[in-house]
Amino acid sequence: MEGALVTSNFSMSDLYPSKANAVHAPRSRRLSYISPVASSAAAPNSGYRRKKSTSSPPPSAAATATVLTSPPKQVEQQEREERYEARTNNATAKRVATARTSRPSDAPRQQAQSPRPRRRPAASLPVAFCNALEEAINTFVDPPVLRPSVDPRHVLSANFAPVDELPPTPCPVVRGTIPRCLAGGAYIRNGPNPQHLPRGPHHLFDGDGMLHSLLLPVTSDSDPILCSRYVQTYKYLVERAAGEPVMPNVFSGFHGMAGMARGAVMAARVLTGQMNPVEGLGLANTSLAVFGGRLYALGESDLPYAVHVDPATGEVTTQGRCDFGGRLSMGMTAHPKKDPITGELFAFRYGPMPPFVTYFRFDPAGNKGPDVPIFSVKQPSFLHDFAVTERYAIFPEIQIVMNPMGMVVGGGAPVGADSGMVPRLGVIPKYATDESEMRWFEVPGFNMMHSVNAWEEAGGEEIVMVAPNILSIEHALERMELVHASVELVRINLRTGNVTRTPLSAGNLDFGVINPGCLGRRNRYGYFGVGDPMPKISGVAKLDFDLAGEGDCTVARRDFGPGCFAGEPFFVPDDVEGNGNEDDGYVVCYVHDEGTGDNRFVVMDARTPELDIVAEVQLPSRVPYGFHGLFVTQAELRSQQHH
């Protein structure tokens with residue numbers, strides 16, 4: 001990890017307060033990012049800058065300011081939030097309104113006034129008691145310092161440190177011009193961004209969801225607009241009102257005896273009305289999807305949250321948690337598949353209780369169909385993604401399994417690797433009404449976390465799927481920097497039952513995307529993030545699937561240069577000036593320079609051998625490394641329906 005610091009009075013006493021302060025929880029502090037070159041110039045970044053324009057762009061906020069501070073807020077909005085929090089603190093958690101959103105500022109952004117300090121509500125006796133128990137667990141039973149992979153001082157360092165919300169802010173285009181096919185649309189990236197300093201262990205997956213949306217101008221005489229806002233989940237609202245963490249960290253908190261103790265504290269909070277798990281415990285921090293005329297922020301542990309991006313101002317607001325008329329319960333995958341021809345959306349949910357997997361779909365208008373429970377799944381596994389073809393859905397059963405009793409009996413975590421399990425792929429008809437036609441195929445050594453695409457060949461007799469295979473599955477959750485993903489082409493013969501696998505590249509590649517118009521149909525190209533290490537992306541590689549079996553299938557590559565890292569790339573087809581080829585389009589992502597603190601939105605030509613950069617936008621604030629993004633077209637933004 002690069003030598004940046006997490007500061008703002010961040011010390012051991014903040015993470016592990018003394019017993020004298022245990023009853024009254026410490027004031028929640030914001031983690032701030034300090035550039036490692038705040039006092040000295042960084043070495044030139046030749047690998048990235050040699051392709052930039054010769055003119056010197058204006059410095060970003062991260063490069064010129066030592067500490068990123070809170071963005072300005074309107075006094076009226078602040079007073080409104082304080083009145084809301086006062087009401088919520090005196091009510092039970094059941095009354096927290098999940099659809100409440102902040103109104104956009106009415107005054108010009110450049111003249112916004114500084115925020116007044118937010119008053120933290122006084123803790124009641126039950127709250128103070130639960131806080132004291134948690135502090136004791138985090139200090140004496142499960143101190144994060146003993147588990148570096150979940151120590152917030154390590155997990156939230158450098159560009160993983162959270163940032164404050166940013167109201168809609170203009171950004172200059174410092175290189176080239178924005179392609180016409182992007183005009184009026186918005187690139188939105190989701191990712192974890194903890195609202196409060198964690199009390200104890202913290203996994204990267206545990207952060208509150210924040211959307212970083214860049215609205216691109218319709219004409220060249222206007223600037224793009226960046227807006228960063230939290231998804232206002234039930235968890236976010238409860239903890240904003242409390243002024244401190246309330247709900248447990250699922251990925252890092254439930255481990256051995258400490259996990260059981262935290263479960264008891266959680267039960268006490270529920271019984272005393274501090275939280276209501278029926279309202280959802282999710283973070284909505286993983287990805288986004290557009291279907292049925294609405295934009296949703298997704299996290300698989302909860303229901304989707306409807307969000308809205310104003311096509312005129314760029315403001316991002318949360319509209320509410322969606323159960324689709326009571327037809328969707330518990331959760332939904334963060335990787336649903338939208339058929340580019342029919343407009344239907346295919347999805348699933350999974351959990352630790354039978355049926356471990358439930359499959360379902362939505363019609364083009366966003367109406368949910370009936371559930372298809374899949375009881376043939378042998379044991380609950382970490383089913384993060386799946387794939388679809390024109391006629392089938394393909395589900396992986398991998399070696400990361402859910403075993404809640406492991407926390408009780410073995411003193412471990414409820415989710416972990418099972419090296420003795422044989423991975424399988426399950427194939428079910430796409431429009432099945434039950435699992436009677438489900439077929440399972442053993443694929444030893446194949447652990448798929450993300451799929452890229454799948455299609456049918458040989459008259460429907462064979463299914464072909466492209467997906468990264470996690471070779472070091474035991475590190476997938478706790479030591480992501482040790483993970484290596486090898487992209488493979490898997491061929492399933494439905495007639496003979498044979499399964500073959502062909503590596504497409506030896507590189508550490510994941511977060512693959514394709515032209516979305518090819519989903520479920522045979523396609524040729526995929527664009528992958530180059531892990532260095534994961535989840536930091538040092539470049540983008542373009543693979544040609546037609547070269548399978550002929551060695552490395554990489555046909556184009558762009559490296560961002562020393563110290564420059566991005567997140568997942570996203571492919572946007574050129575439906576304005578393109579000639580209809582599959583790779584006519586652009587690959588976009590946010591790039592962060594850890595040496596200078598510079599932050600940019602980068603547009604690359606997907607057709608060129610070096611994925612040439614054709615446009616860059618200088619961002620006014622840091623965008624932390626995150627998970628998955630989406631490009632929403634101007635037509636989709638304008639047709640957004642209200643929840």
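Start by selecting P355, in the loop between β13 (345–350) and β14 (357–362). You're looking at a predicted model, so treat this as a walk through computed geometry. Show the backbone here: P354 and P355 are joined by a cis peptide bond, with omega at about -10 degrees.

For another cis bond, jump to D532 and P533, where omega is about -15 degrees. P533 also sits in a loop, this one running between β27 (525–531) and β28 (537–544).

While you're checking backbone torsions, pick A284. This residue isn't a glycine, yet its phi is positive, about 50 degrees. You'll find A284 in the loop between α9 and β8.

**Next stop: a helix pair**

Follow the chain back from that loop into α9 and select residues 256–271, then add helix α5, residues 125–141. How do their axes cross? They come within 10 Å of each other, at roughly 170 degrees. That makes α5 roughly antiparallel to α9, since an angle over 145 degrees earns that label. To see the contact itself, show side chains for C130, N131, L133, E134, I137, N138 and V141 on α5, and for A258, A261, R262, V265, A268 and R269 on α9. Colour them by class and you should get eight nonpolar, two polar and three charged residues.

**Into the cavities**

Keep α5 on screen and switch on a cavity display. Rolling a probe the size of a water molecule over the atoms shows where empty space is left. The structure has seven cavities of 30 Å³ or more, and the largest has a volume of about 260 Å³. To centre your view on that largest cavity, select P198, R199, P245, M247 and N249, the residues nearest its centre among the 20 that line it. Helix α5 turns up again here: α5 and α7 (234–242) each supply at least two residues of the lining. What is the mix of classes around this cavity? Its lining divides into six nonpolar, seven polar and seven charged residues.

**A salt bridge to zoom in on**

A search of the whole structure turns up 38 salt bridges. For one of them, select E315 and R229, whose closest N and O atoms are 2.8 Å apart. E315 is in the loop between β10 (305–309) and β11 (316–321), while R229 belongs to strand β7 (residues 225–230), so the pair ties together parts that are 86 residues apart in sequence.

**Last stop: an open pocket**

Finish at the second largest pocket, which holds about 1100 Å³ of space. Centre on K338, I514, P516, F570 and L630; of the 41 lining residues, these lie nearest the middle of the pocket. Which elements should you highlight around it? Try β8 (287–291), β12 (337–338), β26 (509–513), β31 (570–573), β35 (629–632) and α11 (634–638), each of which supplies at least two lining residues. Now colour the lining of this pocket by class: 23 residues are nonpolar, 10 are polar and eight are charged.

Definitions and conventions: Residues numbered from 1 in each chain as written. Predicted model: local features only at pLDDT ≥ 70, side-chain atom pairs only at ≥ 80, totals over all residues. Heavy atoms only, no water. Axes fitted to C-alpha atoms, helices over the stretch in contact; angles between N-to-C directions. Helix = DSSP H or I, 4+ residues; strand = E, 2+ residues; numbered from the N terminus. Parallel < 35°, antiparallel > 145°, perpendicular 65-115°, else oblique. Contact = heavy atoms within 4.5 Å. Nonpolar A, V, L, I, M, F, W, Y, C, P; charged D, E, K, R; others polar. 1 Å grid on protein atoms, 1.4 Å probe; cavity = no way out; pocket = protein on both sides within 12 Å on 5 of 7 lines; lining within 4 Å. Points joined across faces, edges and corners; volume = space filled by probe spheres on them. Salt bridge = Lys/Arg side-chain N within 4 Å of Asp/Glu carboxyl O.
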